[in-house]
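Visitor: Could you take me on a close look at one loop and what lies around it? I work with models every day, so please give me the cut-offs along the way.

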Amino acid sequence: ERGVCPLKQILHQKEDNTLIFEARFESGNLQKVVKVNEFEYQLTLRTDLYTSRHTQWYYFQVSNTQAGMPYRFTIVNFTKHNSLYKHGLRPLLYSEADAKKHKVGWRRTGNEIKYYKNNAGQDGRQYFSLTWTFQFPHDRDTCYFAHCYPYTYSNLQEYLVAISKDPVKSKFCKIHILCHSLAGNSVYVLTITNPPKSGKGTKRKAVILTARVHPGETNSSWIMKGFLDYILGNSGKAQLLRDNFVFKVVPMLNPDGVIVGNHRCSLTGQDLNRKYRSNVKKFYPSIWYTRNMIKRVMGEHGVFLYCDIHGHNRKQNVFMYGCERKQQAKAPYMHPHVFPLLLSKTCPDKFSFPDCRFRVQKSKEGTGRVVMWKMGINNSYTLEAS
């Protein structure tokens, strides 16, 4: 409840127009705000828990707003040299008043957007600032700002509850708990396939999809939701896919990081997408159990395709990273370029084949994509979305 905030900020007099900031809610991230002058504020983001880095994801609430005034916000502790904010990306704004009155949700906002190197280097690290100007749409409104459209753990749970209560979808989509995270949150796995037609013992290959190993890449959850909406739908193509494949889906690999508003890491301050070679079940349960589930499925069904869904902060378009051997298999369907090429032909306005890469770099050897490829899944991909 917003009314029972532990540290309610008290305005000194009726005429005090200072904005009130809050980020102590699910997926929220903001550490500190300094009021520079009446309509200008300097913001500092919280690093991922137990690290001194990974400031990228922000999501915070602002109240006590004045409409039509020229506010300027500057976030002063980004760490990446380059950013899509240099190429047209704008922050997101949500107004509770607009949502109530006009059914308007999140929308892009901001003018005079600049992303630049600042002088606040610390521990030998260079910091970068993002600054933008804007006007609030209403007086005394409660608004939110975010780096990308938020998708919380609670959003996922509501979505899964709706599937389980649906008399049609629940017949071919089974939801199980794969494991529990370090903080005790459920990591879910969905098994999606049509029941076999009577008298037909079909050997269906598996397609494995995972998302949200990096909490700040919320676009990966929206893509996963789009996929699930489609595969659970009643179109002929969705039926055909469910007749021919078993889909194993882990929609949120890092719920703890999502809940606390991290950008990249888990509660141990580790990038889970570098831990697929690790045998330490205790510290990286979702990764350990996902890899073991995939090994089991490889034995039972064989795996046709594995794809881990991500968001990208510095590149445009939607594209894939795959894995290529020096001597590639002769059969064309075994070639890792084929699936991304088909995607680009099917939706050329969305998917960019020229942005795809198929090198296996040393720094990526602990990623899901490379580890699954080395386990024997030829079509093993990371899907990246701007």
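Guide: Happy to. Helices and strands here are DSSP runs numbered from the N terminus, with H or I over at least four residues for a helix and E over at least two for a strand. The model is predicted, so local features need pLDDT of at least 70 and side-chain atom pairs count only at pLDDT 80 or more, while totals for chains, interfaces and linings use all residues. Residues are numbered from 1 along each chain as its sequence is written, and side-chain values use heavy atoms, with hydrogens and water left out.

Let's start at N313, which sits in the loop between β15 (303–311) and β16 (318–321). N313 counts as buried because its relative accessibility is 14%; buried means under 20% relative accessible area, exposed over 50%, and partly exposed in between, with a 1.4 Å probe and protein chains only. Its side chain makes a polar contact with the side chain of H147 at 3.0 Å. A polar contact is a pair of N or O atoms within 3.5 Å; within protein, one must be able to donate a hydrogen and the other to accept it, and residues adjacent in sequence count only if both atoms are side-chain atoms. Contact in general means heavy atoms within 4.5 Å. Setting aside neighbours within four places in sequence, N313 is in contact with Q56, K80, S83, L84, H147 and H263.

Now to E384, which UniProt lists for "active site" in an unreviewed entry. UniProt positions are given in the numbering used here, feature names are shortened, and annotations may be inferred rather than shown by experiment. E384 is found in strand β17 (residues 380–385), and it counts as buried because its relative accessible area is 8%. Not counting residues up to four places away in sequence, E384 touches H310, G311, H312, N317, V318, F319 and Y321.

β15 also leads us to helix α7. This helix covers residues 285–300, 16 in number, and reaches 22 Å from its first C-alpha to its last, close to the 22 Å expected at 1.5 Å a residue; the expected span is 1.5 Å times one less than the number of residues. Among its buried residues are W288, R291 and M293. The cover over the buried residues of α7 includes β15, along with β14 (245–250) and α9 (368–374). After α7 comes G302, whose phi is positive, near 85 degrees.
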